[in-house]
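Me: Could you take a close look at the ligand site of this model, and then at the loops and the helix pair that you can describe elsewhere in the chain?

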Amino acid sequence: MAGIWRTRRGDILLTRPLVMGVVNTTPDSFSDGGRHLSAAAAIAHGRSLVAAGADIVDVGGESTRPGAEPVDAEEELRRLLPVVEALVAEGVLVSVDTMKPQVAAAGLTAGAAIVNDVGGLSDATMRRVVAEHGAGVVVMHMRGTPRTMQDDPRYDDVVSEIADFLTDRCEAAVAAGVDPDAIVVDPGIGFGKTIEHNLTILRDLRRLAPVGRPILVGVSRKKFLGDLTGVDRPEDRDVSSAVAAGLAVAAGASVVRVHDVAKSLEAAQVAWAIVRGDAAEWTPLALQGVDRR
Ligand code: HH2
């Protein structure tokens, strides 16, 4: 692993994998919906993720689970902005999980470093917002929309189709003025994919290397893990989530997005030590360069 991730708050040196912890301020997220509805509860949860070792806290105000109803930008902002502001004020590196340019812009103005766009920068205004703010960005692959994505998804070669999609979206982003080093790509586990697609992507993650950007993987608590293990409740899937996160790291992921930071961090540390072939210490997150706030 090498390289950097250029964000609005400085360059992250990718000398080891990063752990991104999830805070959903939604009533309907699939694993933690309704748990952190008040800003105070969400902020406290964000703090606990940082205490557990999260490098980045990803704050979301709209569920993207299959079949989820969209919410408008005002409601999304009402949910997430106070949480972003409070965590930023405590020095936390924050990403905003949104598909809406208005929400991304407000989150960045409030001090967020990164936009996590499960819409894959399909929106030209979103590309411009990311470029203008000098934000880091996660460009994720999704087939359709959350409402439709699990309606019989089909691919001839799922990994190469995702690689082509991500390459196109990176080119569009750079054409809009986004710094190539600001981009991290994500195959979008569970977003318009069957269980076999998800397993193939995770097994063949290295085939995304030609896209030329670091890879983020989000497997945490997802349905395919429950399908494999018979564990019904998403919040009971943290062991399988940690195993899958560790394997993603071993397969080349630079960032893992997780709900239970402590378990997945341990898995990532062990996987990373095995892959590297040494037991060097897990270095603290290193930020370099200009703060673009
Ligand atoms: N998965 C979810 C949400 N955002 N972002 C990226 N980049 N990659 C992912 O795999 C990803 C994501 C779904 O998880 P969660 O946020 O827990 O659920 P919900 O969308 O229901 O809020």
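Reply: What follows begins with the ligand and then turns to three loop residues and one helix pair.

This is a predicted model, in which local features need pLDDT of at least 70 and side-chain atom pairs count only at pLDDT 80 or more, while totals for chains, interfaces and linings use all residues. Residues are numbered from 1 along each chain as its sequence is written, and side-chain values use heavy atoms, with hydrogens and water left out.

Around the ligand there are 18 residues, of which S29, T64, D186, K222 and H259 come nearest; a residue is near a molecule if one of its heavy atoms lies within 4 Å of it. An oxygen atom of the ligand is 2.6 Å from an N or O atom in the side chain of T64, and an oxygen atom of the ligand also lies 3.1 Å from a polar backbone atom of F30. For D97, an N or O atom in the side chain is 3.1 Å from a nitrogen atom of the ligand.

D260 sits in the loop between β10 (255–258) and α9 (261–276), where helices (H or I, at least four residues) and strands (E, at least two) are DSSP runs numbered from the N terminus. With a relative accessible area of 17%, D260 is buried, a term that means under 20% relative accessible area, computed with a 1.4 Å probe on protein chains only. The side chain of D260 makes a polar contact with the side chain of K263 at 2.9 Å and reaches the backbone nitrogen of A262 at 3.3 Å. A polar contact is a pair of N or O atoms within 3.5 Å; within protein, one must be able to donate a hydrogen and the other to accept it, and residues adjacent in sequence count only if both atoms are side-chain atoms.

R221, in the loop between β9 (216–217) and α7 (223–229), has a phi near 65°, a positive value in a residue other than glycine, and at 10% relative accessibility R221 counts as buried. D152, in the loop between β7 (136–140) and α5, has a positive phi near 50°.

The axes of α5 (residues 158–175) and α6 (residues 195–203), lines fitted to C-alpha atoms over the stretch in contact, with angles from 0 to 180 degrees between N-to-C directions, come within 9 Å and cross at roughly 70°. The two helices are therefore roughly perpendicular to each other, a class that covers 65 to 115 degrees. Their contact (heavy atoms within 4.5 Å) is made by V158, V159 and I162 of α5 and H197, T200 and I201 of α6.

Technical notes
Parallel < 35°, antiparallel > 145°, perpendicular 65-115°, else oblique. Buried < 20%, exposed > 50% of the residue type's maximum accessible area, 1.4 Å probe, protein only.
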